[in-house]
Amino acid sequence: MALIKLQINNRSYETDAAEDTPLLWVLRDNLGLVGTKFGCGIAQCGACTVHLDGEAVRSCVLPVSAVGKGKVTTIEGLSEKGDHPVQKAWEEIDVPQCGYCQAGQIMTAAAFLKKNPKPTDAQIVETMSGNICRCGTYHRIREAVKSAASKTK
């Protein structure tokens, strides 16, 4: 175990963890930030997506030691009031069904739109294809990403 210092959602945290512990487990088990979900555990479904220095990363396979001085943003930190354009679009389009994958979907979409504020449908589909939704809400996800893009111009 090592004392790990992290910057998460604009706050400083210290926690004991083995350096190879996946960031996901540190977030959920050590720090109580349970908005980020465990899905597959092998970076294939995207449920565990968080931002590391603005990049969407899969926290289930990212060793906490790899975070270093990077800034982590979880779904809890995307916006203080839950009013990020992507979150608002998710509500507007009524995207969630069971909701389990939605935090990862929203984090992927938010990082994507920050880099590409005017995406094509094909770019949206390609980017979001790495996030799996067992309920099959892909059409509504695509519409929400388009809606968020139209409001962030």
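Reader: What makes the side chains along strand β1 (residues 2-8) alternate, and which of them are buried?

Author: In this predicted model, Ala2, Ile4, Leu6 and Ile8 point to one face of β1 and are buried, whereas Leu3, Lys5 and Gln7 point to the other and are not. Buried means under 20% relative accessible area, exposed over 50%, and partly exposed in between (1.4 Å probe, protein chains only). In a regular strand the side chains alternate between the two faces of the sheet. Local features need pLDDT of at least 70 and side-chain atom pairs count only at pLDDT 80 or more, while totals for chains, interfaces and linings use all residues. Residues are numbered from 1 along each chain as its sequence is written, and side-chain values use heavy atoms, leaving out hydrogens and water.

Reader: How do you know that β1 pairs with strand β2 (residues 11-17)?

Author: Two strands pair if DSSP finds at least two bridges between them, and seven bridges join β1 to β2, which run antiparallel; therefore they count as paired. Lys5 has Glu14 of β2 as its bridge partner.

Reader: Why is α3 called a helix, and how do you know that its length agrees with its 14 residues?

Author: Helices are DSSP runs of H or I with at least four residues, strands are runs of E with at least two, and both are numbered from the N terminus, so α3, with 14 residues (102-115), meets the length required of a helix. The expected span is 1.5 Å times one less than the number of residues, which for α3 gives 20 Å, and its end C-alpha atoms are 20 Å apart, in agreement.
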